[in-house]
Structure formats: structure tokens, C-alpha cells
Amino acid sequence: MTRYVMVADINRCVGCQTCTAACKHTNATAPGVQWRKVLDFETGRFPNVHRAFIPVGCNHCLDAPCADVCPTTATQKRPDGIVTINYDTCIGCAYCIEACPYQARERVDIPNRAYGTRVQMKHEQRVEHLERRAVAQKCTFCVDRVDFGLANGLIPGIDPEATPACVNACIADALSFGDIEDENSNVAELLRSHEYFRMHEELDIGSGFYYLWTPRK
Amino acid sequence: MTHEAHRPPEKKKVHTYCYQCVAGPDLLDVQVEDDTATQIQPNFEAADVSPVGGKVCVKAYGLIQKMYNPHRILSPMKRTNPTKGRDENPDFIPISWDEALDTIAEKIKEIKASGGVDDSGYPRIAASFGGGGTSTYYMGTFPAFLKAIAPIDFGFGSGQGVKCYHSEHLYGEYWHRAFIVAPDTPNCDYILSFGMNIEASGGVCGVKRHADARDRGIKRVQIEPHLSQTGATSAEWVPIRPKTDPAFMFALLNVLLHEQRENLDLPFLKSRTGSPYLVAPNGFFLRDPKTDKPLVYDLKTGQAVPFDTVDTDLALEGHFVVSGSERGADQDRWEHQDIKVTTAFEHLLEHIKPYTPLWASRVCDIDNKIIRRIALEFLQHARIGETTVIDGRTLPLRPVAVVLGKTVNNGWGGYQCCWARTLLACLVGGLEVPGGTLGTTVRLNRPASDRNLSVHPSADGFMDYPLNPTDEEHWLARPDVRNANRTLVPLVANSPWSQALGPTHLAWMQQVKGPDNWPQATPPDLWFVYRTNPAISFWDTNHVVKTMATFPFTVCFAYTADETNHMADILLPDCTDLEGLQLIRLGGTKFIEQFWDVQGFALRQPVAEPQGDSRDFTWITTELAKRSGLLESYNEALNHGAVGISLKSDIYDHSLDITKEHTVEAIWEAVCQSASAEMSAGKEHQGLDYYRKNGYRFIPFERIKWYLTPTMEDLGLRYEMPYQEQLTRVGTQLGRRLHSRGISWWDEQLEEYHALPDMMDFPGIWEQALERNFKINIDDYPFWLITSRSMQYAWGGNASIQIIHEVSKNIRTHGGLVMNTDRAHELGLEDGDRVEIRSPLSATRGIVVTRQGIRPDTVMLMGQFDHWATPFARDFAMPSMNSLVPMLLDLTDSSGSGADLARVSISKLRGEA
Amino acid sequence: MSIGPKLQHNWDWRAAGNFIAGGSGAGLLLFTSIQAWMGQDVTLYALPASLLIMVGLGLVWLEIGRPMRSLNVFLNPRTSWMSRESIVALGLLPLGFLSYFTHSLAILAAAAVTAMLFLYCQASILKAAKGIPAWRVREIVPYILSTGLAEGFGLLLLLNSALQPQFEVTRLLLNTALVLLLGRMVFWHRYWRVLSTEAPTRTIKVLNAAYPVFFLIGFLVPTVLIISARLQLTNPIILSLITGFCMILAGWMSKMTIITRAAYNQGYAIPVTPSRGGGKPGPGLTPGWKTRNTTQATLDRNLSENSSITNLPRRNHV
């Protein structure tokens, strides 16, 4: 079996938002919509303060509550773990948004126009994505890139053309993507060699997003 | 996914570079579909030559929007409202390129005919460029034109000299060819970082190197008043009181020198520094009367001998009775017979003695245990005595480094910090060796491509340095540019960068009121502005705006409307980043942490049809040169290497016919061919086609060139540490020159020219300067206001890029005035409250962002905003400290720099939305 | 952007309207059927009941992003409670309207049973919404069921008072009302209590503020009125009207609160901050949350999303 997961090393991440911007580029999301973003956490009390940068997005959960609640089957879980949305089937009921504890989904009805609805830049003309208006949207693990890669003998997470844009772009090499079921994969090795956690582990929905926080001694 | 109905889009990938900030340049690809730029991507093909796998940072992802930004100025414009001011609408109207260029050319011709210099002796033409020199890599052949229309005053700064690493630039190059200093991160285990915000300002190279280092277990201690991105990613945060870093560092020196002396790298001190040099009674070196060489004491023979005597065992400490001569300033000379002298090192010990960790703890508001622990950790991690092999040569391995950030390495205290940092490195033998504290490049010495080649011996056994003369005969008594850099600051040398390193605020200040006994201040008759916005990015921005409005003729190469080109007479739209053609050098070692194993050239090329009627900068320049009647001198400057490489040398000749007007392609074809020829020792001459297709060409850059100490060893030279004898002499001479002309207003600055830097109450300097100049009580302004770098915005004119604004909001400290949570609550302030931020000079407004990661006595405003003309940015309502900071000579150090520091009061705005 | 729980904004008053109208309508249908089977001529109440359910669903239709595709809502009964609710509604509405037109007690009974299924689906819709702590607790199901019943009964009282000339406020009616009121109060309290120990602090704040209002309108006032009626101290019609009104209002307010004001999402949390090379790891943070280990003092502080908590236990999830 294959299961694609995302691994974020928060010991490396510097919160630069390069992944945020790269995702917006590649997926041409509307202003304000960020399928991938990096949060700025601060803990402790002066002067004992820690600050961490946490990349977030869809966790492509094993027991995805969004897929369960979706009334139209627009949200589907693929065998390889990627949770997809069929924009043409979705009715935009936003139930999946309420079901997601990672705040990964959005429903917006604004044009892909960065400078306001009346101005369309040349590159925006090509990516209107009308199919996404008023329906659910979220990180897709760049499933188009993954599928392109698989169809052409490339390895998702290793070959850039088969890898999510955020992983490609990360300048700290903090993001990794790969098949957790393959014990020789990059992600499997990272999980062996680092301490890690998954967010909201207590909700027990099988998140596919792992956070490394220190190399194992 | 787009669904093209008729045919698949014609897709291609175009190679280019990003050099929007000094942390670059970095390579990238632009995906283009049907002549539309659609995506920025890393250039993965370059992964094996680029130290960062061909990646670019977040800023580069704004380049598509930058190209298609609807607010771009896309045709030349001319001002029709003759009155200039913030509240005056310029009423720009579009004009043809012919009209624009001819208007400018007429002006240039008239200025050239008059000699180019006004009655005060200042150049009639001024030019301001921003981005720490990065604008050079976007302005095509304009540098060649600037040579043709020289003289030019480059000193109307937009932050150069006062907001940059100023003191580090000058002292760094002086002491170890380090225009900017970096750790040898890949080999380092322990870094002391005084406010250096590498995770925000270090670009791709900085971020990746330090992320890798974290995986290796590096310990970095971030010493800084607030918890920046770098503090966040450091092993320890030490929240130091602002501007007290000199005290901290002197205390570290104290521990090492007075508690750990026997554990220091004594061989390095003896053979690679001026520590053993004997100091004569008047403070200058004791010299051999015959050869004038500084003397050292040889314990083997029990005699004072010239420093370069071989086979000696030099004393670092001790008092000796010797004879010799002493050469002071100007003609001062003393002959000494049997006097008791000691070494520079002993003087250092004495000098540092009072500055204990306990003393520093009170100044810095940091527990003295922490200070001492850090000193010991630094020493322990230095692994003195260990070696490594680089390119077949055995070198010391000293995996510890000290880096400084802005507001630490500039302004008062900058000298102290740079000196202390360099000395810390010397004490453990970690200067310019693997793992240690390294310089990155040179800009005042030459060549920039390899700083090792800039090392030449001085008579005293140190590195020679092109100090501006201060002797009576050669001192530039009458300043030739408005910031008087070579007159006032001997250390700025005389390279194309020197003007930007003078006190650039002087150029602005004296427009209102010049200092005594000084040439009458004059505005420039023609002012070129490109990639810079002094109306936002300098100090006392209200004053800068008013001053700009008095300039009679301003030509701005304009991207969008902004606060500076609001005062322009002509706007010229150049092809922006993804539209122009230019070949540049990259690789080798360069600021900030650009350490490559290759060196070469990369091309920036039009990825798609340029927007509107914007034109390539090279085309604009050639047109200007032609219309100004300067085509020949322009072409000559090109041939002589004005764009970074000579078009003719011993091994190749791609020089241009100076009598002809050459197209953009023809010029860059010649540059490309010259570049290839240089790299292949004349064997290959690939032109534009090659670079368009491949993006770059590199040759190896030996790893050993990262380090200067091998060169110093080969030449038998020493680092001029700790004792600044030459600077003492130079300072004394400068003082005499200034005083002889009745100039007393540089006296405070002259005080800095001491052989061993004095400790001062640096925060007190700010407090007293503000009280004195504004007749206020400093207690009414209880907060220190500092600023911090935004990776997303700085630089590149990104303020109007929507995607940049959107993603930057994820960073909490980008929101407004960052204030300590508990302190805010004490004042009755909550997160999100609107407040007035008032300094003795002016006031601005912002929103409170409460954080734990900042000292209670400090507040922080990130980046530089307060826009009022730039589209999109003017709606941010994000404040900046720049309008709050006065331009004061009192707050200028001897190197001509200041620091971004203010004192403010915060009060809640009532009844405001 | 803030990292603590944020109020969800996708399901607004229109979505709340579905739960309000649908719940009340379903409850009304049940008690209409019971009362009809007990011999009263009240099948006409099936009309307002069905209309209410229809209006509720119509409000949802107004709220979804692609109303023209709304028929897709039926496609996932295998796992989706919303699909199930829609399919049940497909049967419920015809049965409801039919029972009005036909006056058939059998059809009315079928409608009532279907209405209970419908009500259960609505409660389950909320419980399955794993992203909203105020919805996903088990205790929401009995609460939604009990308030649907209470509101339905309240509507019955109102309709009876208004439309039945010989309306007699029987002891059975009063006792039923008391049981429904008490039952709902108990389920509300259980719902509130489970969230008061572990939920976003803003959710707790909203529910804390709602509690006394709910207690007053949804329990105390009607209970006192009912008791006074039992003691024959009150005009029964007035009692019926006010009690009915209170039973409805409290339920509607509570559902509006739960859907639109208490519905803060999960937010983000980390169990640890990284060691950053040679440093030590630091505490984690669950911003904007009260969990079992925080005190009231930190709860108050926690209302500011920027506050940080040092005494949360480290949650290791390896």
C-alpha cells in the first residue's frame, strides 16, 4: 500500500511563508485563501519565551471527518491517502468545513483577482478557477503534480515535478513529502530519526501531517 | 488546473535570478504560458551548483504580481503641477519616450557644459539607489552612463550609512576584509548573535545553512531585546537592554582575558595579531629608529626587535626597558631611550579590567551568571588547538563565531562592538578560519570577486587599507560630495561604494541648515532615483519629504507611484525584474551568507512581453547617452567594465565600437562573451543564446578562499588587533585638519579614534541627545523603539505587492506595535488597541500587538511603512519608526553612521475605529 | 493571523434557522400526532409543522454555495448525516402535508415517526462536525432532541390556545410540559458542563452567558407558571401562551447561540516547541482553550488569544 504524508520539521522552519506563497502560485488561490500557511506560535512568559513556526494545511486524515460528513461524495479519500474534492459535485454546504478540526478548508466566492474584483492581471486571466467559487477548497497535496509524476515514472517527494509546490519551495528544507508505507522512503527515514507529533492527536482521526521537533539522540 | 478549450498552452521555463535584497542573488525559473508569466519555481537544474538547491525565498514569489501589477506606471510621465509637496498632486501626464529622454538629455548637456559642479563644489547631478547595491543588478548599463556624466553625488541616502551595517562595513573591511561578517555556518558549533536576524535577513542561503546547523546541534545564542525569527530559532534568547551590547561583549572579553588567559589561542595572538607590538608613551607603537618598523620583545634574545624578525619567541605580556622611536600624527616624532614599555596585549588587559560580568549585568539588565557562562561556552566550543584540512591544507578549526546585527553594528557603540567581536574571534584563534568568524566580501577594497586578492602588506605588518588621506597636503578639505564622506571618514576609502558609506543623513540635514564653516548646502540640479524611497525609508521622513520638494529636477525610474516620485518631474518606467536583460556576477563569497563553491555569471532575461511602454534599462541608458552627446564615453565605460566585466582584456576582445549606438542585445552579447572568455581563460566565448538557454555559467571557487587566514599566513601578515595605532594617528590628524578650519562639530566623533575603544553609556547618549535637542525630559518617553527585518517585504518595492502583504500577515509581529503583554496590560492596553506612538520629534499611530517575547521597556515596529502615496501600501495603516527618528549629528559616530533607535511614549487613541 | 479558535462563519442564521425551524416543526408534528390520536382535531397543525420544516430546509438552500446542484445532497447516505437528513425529509414533507390535507391519523403517525428520525439526523449532523468543539460532544444529541420536543410542545400550546375555542389545559398537558422542561434543562446542563471543563474559552464564555437566560426563560418562568397553574393561581390560557412562548424562545435562542455564537473551531495547538539545535525543547501551547488542567485564572487570561500558558502538561504524541 501507499500512503502519502507531509512531514514538517519545526526545528528547521523559520516562518518565512515561502511555502505559503508558492502554494498560492501553483494553485492560483484567491486573495486571502491559503491552502498552506505557516503559523506563528509563542509560548511561555517573558523572559522564558519560545517561538515556533508551524506549517499547517489539510492533514489528509485516514479517518477524514470531512469525507464522512460530505453529503455529495465530492470529498473522497483516495487509496493513497490523498483527500480530494470534486469541485463540480460539491454544493458548497460547508459541512466539511465544520467537520475539519484543522481549519483546512474554505468556501469563498470571490474572483481570483489580487487587486480587487474590477482589476484582472494578465496571469490571472488564465486561472480564474470558476469551478472553485462557492464550493469547498483545500490543500490537495498538489495531487495533479503527484499524478503527473506517477504517470511518468517519477517519485513524489523526490522528483520536483511530482512533488507538492510547498515542499519544492521550502528554503529551510523543512517540508518533506512521501510514502510513509515505504520503509525506505524519505519520510519514513525522517520519522525514524526524529521525535515527532501530530496536531490534535487526541481527536484520533489519523492525521497524515507529521511534525518533527528534534533529531533523536 | 486550467482547461484550455482549444489547444494546450505553449509552456516554457525561463531561467533568471532574483537579487531583490542583499542576501541574494539566487537562481529561479519562471514558468511562462502563451507569453504570460504564470509561476515562479526553484531552478532545480541548478541544484548542484547553487548552495541552496536552486531555491528562492518568498519575495521572489511576488515577481509575477510585480510584473502585472495594475498600479504600475507604464509610460513616461511628466509633472504638470510645478508645486511640489506631500499635499500637492503632481498631475502627471503621459508623454512620449522621445520627449522624456530629450528633456533629461538637455539638462545633462547643460550641466556638463557648466563643468558639472556648482558654486559650493558639489556635483550638480545626484543619484540615489537603494537596496544595498542590489539596484545595480537591475539597472542594466546605467553605471556606464553614470561614469560618463560624472561627477555625481550618490550621498542623498535612503538609509545607507545609517541604517545599514555601517560600522561593520568599514571596520570589517579594515580588519579582515569583511564588508559583512558571517559565521562559517556549515562548520560552526556555537554562535553568539547580537541582534543579527539571519532568519529574516539572510535569504535562502542564510536560512538553509542555519537550518542544517540546527540539525547538527549547533547552539546559537541570540542576544536581542525582542524575540525575532532568529531568536525563535536559536537555542537561547538573552533579552538584552537596547544598545548595551558593547558592555556585554566587553564583559565576555574580561572573562576570557582575566579568567581564562592561559586557555586562549596564544600562538594565534602572538603570530597573527598585533598583540605583541610594544606601545610607546604617547600611545603609538615603539619603532625601530632605522627601519621604522614596530618593535616586539623577543624572550629568546631578551631584546626588542622589529616585528618581522624570524625565529623569535614573542612576549605577549610583561614590561620591558627598551629604546626606540615613536611616530605620532603628522610630523610628531619622539625618540625614547631606555623607557619602560609594555605590549599592546598588556594595554588591552588593563583596558578591559573594569568591565566585569557583574558590571555588565547592571548595564545590560542580564544576569552576570549568564554572561560568564556564555563566555566560557564560547571558549569551550572553540576547540583551540584542533585542525582540519581544506583543499589539502591544514588549517585551524575553531567552530565558534560572533555576528552582529543592525542597531548593534552601527551608530554609537558600533565601533566598540565590531572591535570586541573581532577581538573575541582573535582570542580563540577563530578569525577567518574554518568554523569561525569570516568576512564575506569587499566593497571598499578590490577586487570584489575574491577578497583574498585584496590583501596587500602594510609597512607595519598588517593589511594595507586605502584610507582617505588626513595629512595636510592630501586631505580633502573641501568636501566633493554633500555627505563629505572622504573628508570626514577616512575609513570609507574611495571606491564606487564609498559615498554610500558616508554620513548620508548629512546630505539631507544640511539642506535645511549646514554645519559651521562648511560649503553652502545646495540641492542637486538633477536627481536620479531608482529602486529607493527615501521618503519612507530614511529618518525624519517628514523632513526628507519637504527637502525633496525643493529639488528642482528629479527623474525617477518608477515602478508605481510612491512617496519619493511624488516629487519627481519625470517618471521613466523601466522593465522590471522579469522583463529586463542583464548578466551579473554571482557565486564565490558574498554578503550575507552567500558562500558558494562555484563562481560565475547568471542572466536575467525577459520572460514575456514587457508590460505597457516600459523599456529595458539598457535601452533607456543608451538613448540617454546618445541624446546627451556622451555615446563615446558611455561605450568606453562599458568596454572598461562598468557593468561588472571588462569587454577587453589580454585574452579576449569583445569591446564595442565606441562611435556606434548598440542595441540592448548587442551590448549584453558582448558582456556574455567576455564573461565566458574570462571563465575559460579565453578559450570559449558563449553569448546570449547560451546564457538564455542555460541561465548561468560557473567555474569552481576553491573552498579555501572562504577563509582569509591562509592568505595572511602566506604573506606573513597580522590582523590589526587589538591596538588601533593607525586609527589613532588618523583621528588625530583629522582632528587637526578640522580644527584648523574652525570646525568643532565633529569633535565628539573624533573622540572615537582611540587605540582601544572606550566604553560609554550608549543608551545615555541617546537619552541626552534627545533631551538636549528637543528640550524634553526623557522619562516622558519611557520606551525604546526598535525595528526588525521583514523577509517578505525588504526590499524590491514589494510594498504594493498583494501576495506579499497577504502572506506576511501570518507573522504575528508584522501586525503593528509589538509590546510586552504584561507591560501593555499595566498601561490598560489590549492586543488590537489603537495607540499613538510619540517621539520627541513626531508621532505616528498603530495597533498594539502584545507578545511575551519582548522586553517590557522596549517596543518594536517591523519593516518600514507609513506609506501615503504608494498604491495598496498606503491603505495598510502600518506605522514605521522612520518619521520618529531625528537626524542628529549627536547621534552620528565617527564612521558617519547612526542606528535605528528611538524613545517613545505610547498612549491609547480613544474614540477611534 | 491568530492561532486560537475562531468563530465559524459559514453556517450563519440560515443554518441555525434549519435547526430551529426543523427541530420545532418535527416536535410539533410528534405532539400533533399524539394529540390527534388522543381524539383532538388537530391534524391541521401538520401544516405549520411541515411549513416550518420546509422553511428550515429552504434557509439551508439559500445558504449553500451552489444551490442549483442541491440535488447532490442525497448522494452520500452511507456516511453523511446531512444526506440522511435530506432523504428523510424527502419522506417527511410529503407525509406532513398529506396528513394536513387528508386528516389521516395513520399518515400523521407516519409523519411523526419520520419527524423523529429527522430530528435525530439534525442532532447527529452537529455531533459529526468534528471541527467545532461545541457541536461534536455526545451531549448535544439529547439536548437537540429534547429541545426539539420542548419547542414542538410549546408550539402545540400556542396553537391550541389560539385555535382551539374549547382548549382545556389539562393536568396531562401541564405534566408533560414539566417533564419536557425538566428534561431539556437536565440535558442542557449536561451539555454545558462537559464543555465547561474542556472547550475553547470563548465558547465557554458564550455558554456561561447564555445559561442564566436559558434557565430563566427555558425553565424557571414556565415551571413557575405551570406550578401556579396547577395550584390554580393563573389563567390557564395566559399560562399556556406564555409557557408555550418560553419553551419555543429558549430553544430557538439556544440553537442560535450554539450554531452562530458558541461555535468556535478547534484552533491550532502544539505539544512542544523545538530545541533549536543545542537548546532545550520548550512547552507547547493550546491557545484559546480551557482544558482539564487550567485554572480559572488562566482561563480568564486565556480569553486573549495571545496569552501563553506555561502550566499546560506537555502532550507527547509519538
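Buried area here is the accessible area, taken with a 1.4 Å probe, that two parts lose on being put together, summed over both. Keep that in mind as we walk through this predicted model, starting where chain A meets chain C.

By that yardstick, about 4700 Å² is buried between chain A and chain C, with carbon and sulfur atoms giving 56% of it. Three residues stand out: Ile91(A), Tyr95(A) and Glu98(A) supply 16% of what chain A buries against chain C, more than any other three residues. In head-count terms, 61 residues of chain A and 57 residues of chain C take part in the contact.

Now for the polar side of things. Between these two chains there is 1 salt bridge, and it pairs the side chains of Arg107(A) and Glu63(C) at 3.6 Å, N to O. Polar contacts add up to 33 residue pairs across the interface, counting pairs with both partners at pLDDT 80 or more. Several elements of chain A supply at least two residues each to the side touching chain C, among them β3 (48-56), α3 (95-99) and β10 (209-215). The largest share, 8 residues, comes from β2(A). Sorted by type, that side of chain A has 33 nonpolar, 11 polar and 17 charged residues.

Next, have a look at helix α1 of chain A, residues 18-27. Because 9 of its 10 residues are buried, this helix is largely enclosed by the rest of the structure. The buried set includes Cys19(A), Cys23(A), Lys24(A) and His25(A). What do the buried residues of α1(A) pack against? From chain A, they meet β2, α5 (165-169) and β8 (175-179), and from chain B, β3 (36-42), α1 (63-68) and α26 (802-808). Right after the helix comes Ala28(A), with a positive phi near 50°.

Terms used: Residues are numbered from 1 along each chain as its sequence is written. Chains are lettered from A and ligands numbered from 1 in the order in which they are written. This is a predicted model: local features need pLDDT of at least 70, side-chain atom pairs count only at pLDDT 80 or more; totals for chains, interfaces and linings use all residues. Side-chain values use heavy atoms; hydrogens and water are left out. Contact means heavy atoms within 4.5 Å. A salt bridge is a side-chain nitrogen of Lys or Arg within 4 Å of a carboxyl oxygen of Asp or Glu. A polar contact is a pair of N or O atoms within 3.5 Å; within protein, one must be able to donate a hydrogen and the other to accept it, and residues adjacent in sequence count only if both atoms are side-chain atoms. Helices (H or I, at least four residues) and strands (E, at least two) are DSSP runs, numbered from the N terminus. Ala, Val, Leu, Ile, Met, Phe, Trp, Tyr, Cys and Pro count as nonpolar, Asp, Glu, Lys and Arg as charged, and the others, Gly among them, as polar. Buried means under 20% relative accessible area, exposed over 50%, partly exposed in between (1.4 Å probe, protein chains only).
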